Amino acid sequence: MPFELDKIDRLGDYGGVWSLGIRCRCCDHARLIPASFLIRLYGRNRRLSSVAQRFYCSPCTGRRCTCAGRDFDAFIWIPR
């Protein structure tokens, strides 16, 4: 079930059983990132807002697109 980003504050919320969906507005490249992957990289207590600032669209960055790879929609997916 998709939710807005403000539903999750820290990566360890909801026991880390959620996923972050990202879709580039420019090229429609999409990715679903499980919370367990983000927790391994950054730890359970890191804020999602600080982690989300590091994301970029690699296809747009590689071809020097006008959006520079930073124009995307994001949502939280929490399984039922």
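Let me begin with helix α1, whose buried residues are Ala35, Leu38 and Ile39. These residues cover an arc of only 100° around the axis, so they sit on the same side of α1. The general background is familiar: an α-helix has 3.6 residues a turn, so residues three or four places apart point the same way. I should state at once that we are discussing a predicted model.

What does the buried side of α1 pack against? The partners of its buried residues are β2, β3, which spans 30–34, and α2. On the face turned away from that buried side, α1 carries the exposed residues Arg40 and Leu41. Just after the helix comes Gly43, which takes a positive phi of about 95°.

From the helix I turn to the largest pocket, since α1 has a part in that as well. About 360 Å³ of space lies in the largest pocket. Its lining is made up of 17 residues, and those nearest the centre are Ile22, Arg31, Ile33, Phe55 and Tyr56. Which elements supply at least two residues each to this lining? They are β2, β3 and α1, and α1 gives the most, with 4 residues. Sorted by class, the lining has 12 nonpolar, 2 polar and 3 charged residues.

Strand β2 deserves a closer look, and Ser19 is one of its residues. Is Ser19 buried or exposed? Its relative accessibility is 14%, and Ser19 therefore counts as buried, the cut-off being under 20%. Setting aside neighbours within four places in sequence, Ser19 is in contact with Leu32, Ile33, Pro34 and Ala35, and also with Phe75, Ile76 and Trp77. Two of these contacts have already appeared in this talk: Ala35 is among the buried residues of α1, and Ile33 is among the residues nearest the centre of the largest pocket.

I now come to the charged side chains. As a general matter, side chains of opposite charge can pair when their charged atoms come close. How many salt bridges does a search of the whole structure find? The search finds 5.

One of them joins the side chains of Asp9 and Arg47, at 2.6 Å from N to O. Asp9 lies in the loop between β1 (2–3) and β2 (19–24), whereas Arg47 lies in the loop between α1 (35–42) and α2 (48–52), so the pair ties together parts that are 38 residues apart in sequence. Both partners are partly exposed: Asp9 has a relative accessible area of 38%, and Arg47 is at 36% relative accessibility.

Another salt bridge brings together the side chains of Arg23 and Asp28, again with an N to O distance of 2.6 Å. Arg23 is partly exposed, with a relative accessible area of 32%, while Asp28, at 52% relative accessibility, counts as exposed.

Arg23 also forms a salt bridge with Asp73, where the closest N and O atoms are 2.8 Å apart. Asp73 lies in strand β4, residues 72–77, and Arg23 in strand β2, so this pair ties together parts that are 50 residues apart in sequence. Asp73, at 26% relative accessibility, counts as partly exposed.

Which residues are linked with Arg23 in a network of salt bridges? The other members are Arg25, Asp28, Asp71 and Asp73.

To close, I return to α1: its buried residues pack against β2, β3 and α2, and α1 gives the most to the lining of the largest pocket.

Definitions and conventions
Residues numbered from 1 in each chain as written. Predicted model: local features only at pLDDT ≥ 70, side-chain atom pairs only at ≥ 80, totals over all residues. Heavy atoms only, no water. Salt bridge = Lys/Arg side-chain N within 4 Å of Asp/Glu carboxyl O. Buried < 20%, exposed > 50% of the residue type's maximum accessible area, 1.4 Å probe, protein only. Arc of directions from axis to C-beta. Contact = heavy atoms within 4.5 Å. 1 Å grid on protein atoms, 1.4 Å probe; cavity = no way out; pocket = protein on both sides within 12 Å on 5 of 7 lines; lining within 4 Å. Points joined across faces, edges and corners; volume = space filled by probe spheres on them. Nonpolar A, V, L, I, M, F, W, Y, C, P; charged D, E, K, R; others polar.
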